[in-house]
Amino acid sequence: MRRFLGLGFTLTLLFCMAQGKVLYYHFVVKETPIKMLCETNRTVLTVNGLFPGPEIRAHKGDTIYVNVTNIGPYGVTIHWHGVRQIRYPWSDGPENITQCPIPTNSSFLQKVVLTEEEGTLWWHAHSDWTRATVHGPIIILPVNGTNFPYKFDKQHTIVIAEWYARDTKDIIDEALASGGDPDLSVAYTINGQPGDSYSCSNGSAYNITVVQGKTYLFRIIHSGMNEEMFFGIAEHNLTVVGMDGAYLKPLNTNYLMITPGQTMDVLVTANQTPGRYYMVFSPFVDTDAPSNENVTRGIFQYNGSYNHSETPVLPELPGFTNKSDAGNFTIRLRSLNNKEHPSTVPTKITRNITIAVSVNQQPCPANKTCAGPNDSMHSASLNNISFWAPSVSILQAYYNNLQGVYNKTFPDEPPFVFDYTGNVSALGEAANVTTDVLMINYNEEVEIRFQGTNFGAAENHPMHLHGYSFYVVGMGDGNFSDSYVSDYNTVDPPYINTVGLPKNGWTAIRFKADNPGVWFMHCHLERHASWGMDTVLVVGDGKLKHQKVFPPPKDMPPCTVS
């Protein structure tokens, strides 16, 4: 079924309906030959033939229409990570949550509604594992006539990604069928370059040429699939000034810890002796699960006269397993919280939710051999529910009141209380596999306490919520206690959309449920999301017209074509 849009009439109509500045982009999802490392004749899925994909650049409050045409070999969806999409979940993108995939040889005109976001976000595929190569930046500048809350001379966007030796859809399809671990990535890349530490890289590395005395804004996007990262530049300090499309109080540091899904805006001043300095991404690994422990290197090089053939200096980064340095970076982040960018932390909580986050094992089906631990199948869960995505869109089922697609029974607390981070060997590791969603009333002030558990290969989990940013009011090791509430930061906590839940620890977030719709919540480690570490928040309509979900567009992808 071919469903190409008649763009002329459609875009004219949408322009008349929209308010404020309106921008248009055209994405073509297609297979593209990319030469990487020792590979030849390898094709991967891309947008517009680019890896990373094209940049979207707009101002705060703009509306963007992206016509996504899919000429790839299978259905795909695109998500605008960190964009709240107020009252318009129809373009949010997660497969079978807010839409079904865009079939091959068809198009979907997606509306991206910018409201409060300002800074760096990103877009990526949200079906199977295609986001490995289908992703790109979203740069949101201040409203015309206003300024950044900090000064810089030039800006660069840096996208960290993971490269796999074969098709990522095949990788995850095979892993889910066998119950085993998916293949590891074979390299990390900076803006599509693996750096000079890999075989067959021919010494290629992404490099930035700087002028002594100038200050540079780095917009760092972690689009990687399964590994968290430390980052640093040899002999240079970093000043973190933004995260996930919101400003932070300047944080001076010599390293970052950034998880998949997160973005950071970082100032770097070129104030060292002119020369060549490595900028390095190195994985943070706090688990017994298989991990890619390679690094990727770019070069931060000064212009001017010096020996340009000299070997760059390496930064001193925390070790792969340094949980302490990872946590100490995150807990120092603070919202800017000034007159122009105030914090509005909910303080009258009407809904308390505790979610136990676990890596599980499911028993192997009868008459089958499985590749998980002890002939089991890898699984993951939230409150002992391993999420099963339906074959139709939950949003469409909710909006049209279709029965039998999902259950409104996701619990506000774990099914039973235990020593979450202690010895759990006596407890069964299997979870219930269902499509349960969490129902929330409009305008509730919500607190969610994520509680890590010691099941399986426990590790840090970057938890991401669609449709909202949230305030991270507390974080710590071990089991959460109500006594910790008095220590919450309700003045200037970071306002972000993806937060790392510490291994065998807890994280508390708050938000006001003022965006009606169907919103996915999941771990941004792709293997955990694929195993079921997900759920859906259904935020009901308010009573007034401006508090209700907008009607769907007429060109929603069908749920009957794969």
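This section describes the cavities and the largest pocket of a predicted model.

The structure contains 4 cavities of 30 Å³ or more. The largest cavity encloses about 120 Å³ of space. Its lining comprises 14 residues. Those closest to the centre of this cavity are R42, V44, L45, T133 and T168. Two elements, β2 (43-47) and β9 (154-163), each give two or more residues to the lining. Strand β2 gives the most, with 3 residues. The lining of the largest cavity divides into 6 nonpolar, 4 polar and 4 charged residues.

The second largest cavity holds about 80 Å³ of space. Its lining includes the run D181, P182, D183, L184 and S185. E162 and Y164 also line this cavity, as do N226 and E227. P290, N292 and R527 complete the list. By class, 5 residues of this lining are charged, 4 are nonpolar and 3 are polar.

The largest pocket has a volume of about 950 Å³. Its lining is made up of 38 residues. L176, F387, A389, A529 and S530 lie nearest the centre of the pocket. Both helices and strands take part in this lining. The helices that give two or more residues are α2 (168-178) and α5 (526-531). The strands that do so are β7 (119-125), β21 (376-382), β22 (385-387) and β31 (517-523). Helix α2 gives the most to the pocket lining, with 5 residues. By class, the pocket lining has 16 nonpolar, 15 polar and 7 charged residues.

Note on methods: Residues are numbered from 1 along each chain as its sequence is written. This is a predicted model: local features need pLDDT of at least 70, side-chain atom pairs count only at pLDDT 80 or more; totals for chains, interfaces and linings use all residues. Side-chain values use heavy atoms; hydrogens and water are left out. On a 1 Å grid over the protein atoms alone, a cavity is a set of points where a 1.4 Å probe fits but cannot get out, and a pocket is an open set with protein on both sides within 12 Å along at least five of seven lines; lining residues have an atom within 4 Å of a point. Grid points are joined across faces, edges and corners, and a volume is the space filled by probe spheres set on the points. Helices (H or I, at least four residues) and strands (E, at least two) are DSSP runs, numbered from the N terminus. Ala, Val, Leu, Ile, Met, Phe, Trp, Tyr, Cys and Pro count as nonpolar, Asp, Glu, Lys and Arg as charged, and the others, Gly among them, as polar.
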